[in-house]
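Colleague: I have a new model open and would like to learn how to read it. Could you walk me through it, one feature at a time?

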Amino acid sequence: MSGVLRTVNRILLGLAGLVLLCLGGGVLAAALGLSVPTWWPWSGKHDVLLSEADRTRWRSEGWWWPTVIAVLAVLVVLALWWLLAQLRRARLAEVLVDSGDGEGALLRGRALEGVLAGEAGALDGVARAQVRLTGKRSAPQARIRLRMEPHAAPQEALGRLSDEALAHARDSAGLAELPAEVRLKAVKHRAQRVN
């Protein structure tokens, strides 16, 4: 998602900059008395941006207000989507591993997520594990979701997760610490019949 978000940000910023540059240049040219195209709405220093006739032109048409409201609603929804996408935590692409020679090495974040999820999913009582790394590449944080089997003991599973899976990931990546936020959820299952 971060690649898509980065592309959308660049396109939106580029379009906004181009529109503002063209409008500003046209208004400046008209204000300085330079020649502007015949279709340009402002042609002199004393021109207004919207005349009385332009402001009231479409009010009597039946399609005008529904169209204005629909366009504004779409713009609000797109702006909210963009804002929420900006606030969303990005997935960590790589983790900086201290190799001891002062250089360091880069470990793909998805690789560490996969190994951590595999080891967490293999714990007794865990049906499925999902791991997402966030934070900085030199100080990653793990967000773990565990789907627990009906017979599982959550306290035991959390202890083993901390002592085994997280400890192995922390040690293998050469990290001083690997803070984790763990969310547990029970797997839905059918009631068993007793004969």
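Colleague: Let me start with one side chain: is Arg 160 buried, partly exposed or exposed?

Modeller: Keep in mind that this is a predicted model. For burial, we look at relative accessible area: under 20% is buried, over 50% is exposed, and partly exposed lies in between. Arg 160 has 29% relative accessibility, so it counts as partly exposed.

Colleague: Which residue does Arg 160 form a salt bridge with?

Modeller: For a salt bridge, we look for a side-chain nitrogen of Lys or Arg within 4 Å of a carboxyl oxygen of Asp or Glu. The partner of Arg 160 is Glu 164, and their closest N and O atoms are 3.1 Å apart. Both residues sit in helix H5, four residues apart, which is about one turn of the helix. Glu 164 is partly exposed too, at 28% relative accessibility.

Colleague: Let's stay with that helix. What end-to-end distance should H5 span, and what does the model give?

Modeller: The general idea is to allow 1.5 Å a residue. H5 covers residues 154-172, which is 19 residues, so it should span 27 Å. Its end C-alpha atoms are 26 Å apart, in agreement with that expectation.

Colleague: Where does H5 bend, and by how much?

Modeller: The bend is at Leu 161, and it amounts to about 35 degrees. Leu 161 is also one of the buried residues of H5; the others are Ala 157, Ala 165, Leu 166, Ala 167 and Ala 169.

Colleague: What do the buried residues of H5 pack against?

Modeller: They pack against one helix, H4 (109-121), and against strands S3 (126-135), S4 (140-148) and S5 (180-186). Just after H5, have a look at the backbone as well: Gly 174 takes a positive phi of about 65 degrees.

Colleague: Back to charged pairs. How many salt bridges does the structure hold?

Modeller: There are three. Apart from the pair in H5, look at Glu 181 and Arg 143, whose side chains meet in a salt bridge at 3.8 Å, N to O. Glu 181 lies in strand S5 and Arg 143 in strand S4, so this pair ties together parts that are 38 residues apart in sequence. Both are partly exposed, Glu 181 at 33% relative accessibility and Arg 143 with a relative accessible area of 30%.

Colleague: Which residues do salt bridges with shared partners join into one network?

Modeller: To find a network, follow a partner that turns up twice. Arg 183 also forms a salt bridge with Glu 181, with the closest N and O atoms 3.0 Å apart. Arg 183 counts as partly exposed, at 46% relative accessibility. The shared partners join Arg 143, Glu 181 and Arg 183 into one network.

Colleague: Now a polar residue without a charge. Is Asn 9 buried or exposed?

Modeller: Asn 9 has a relative accessible area of 19%, so it is buried. You will find it in helix H1, residues 2-31. When a polar side chain is buried, a good next step is to look for its partners. The side chains of Asn 9 and Trp 82 are joined by a polar contact of 2.5 Å. Leaving out residues up to four places away in sequence, Asn 9 touches Trp 82 and Gln 86.

Colleague: And how far apart in space are Ala 16 and Lys 136?

Modeller: From C-alpha to C-alpha they are 31 Å apart, with their positions 120 residues apart in sequence. Ala 16 is placed in helix H1 and counts as partly exposed, at 38% relative accessibility.

Definitions and conventions
Residues numbered from 1 in each chain as written. Predicted model: local features only at pLDDT ≥ 70, side-chain atom pairs only at ≥ 80, totals over all residues. Heavy atoms only, no water. Helix = DSSP H or I, 4+ residues; strand = E, 2+ residues; numbered from the N terminus. Expected span 1.5 Å × (residues − 1). Bend = angle between axes of the 7 residues up to and from the residue. Buried < 20%, exposed > 50% of the residue type's maximum accessible area, 1.4 Å probe, protein only. Contact = heavy atoms within 4.5 Å. Polar contact = N/O pair within 3.5 Å; in protein donor to acceptor, adjacent residues only side chain to side chain.
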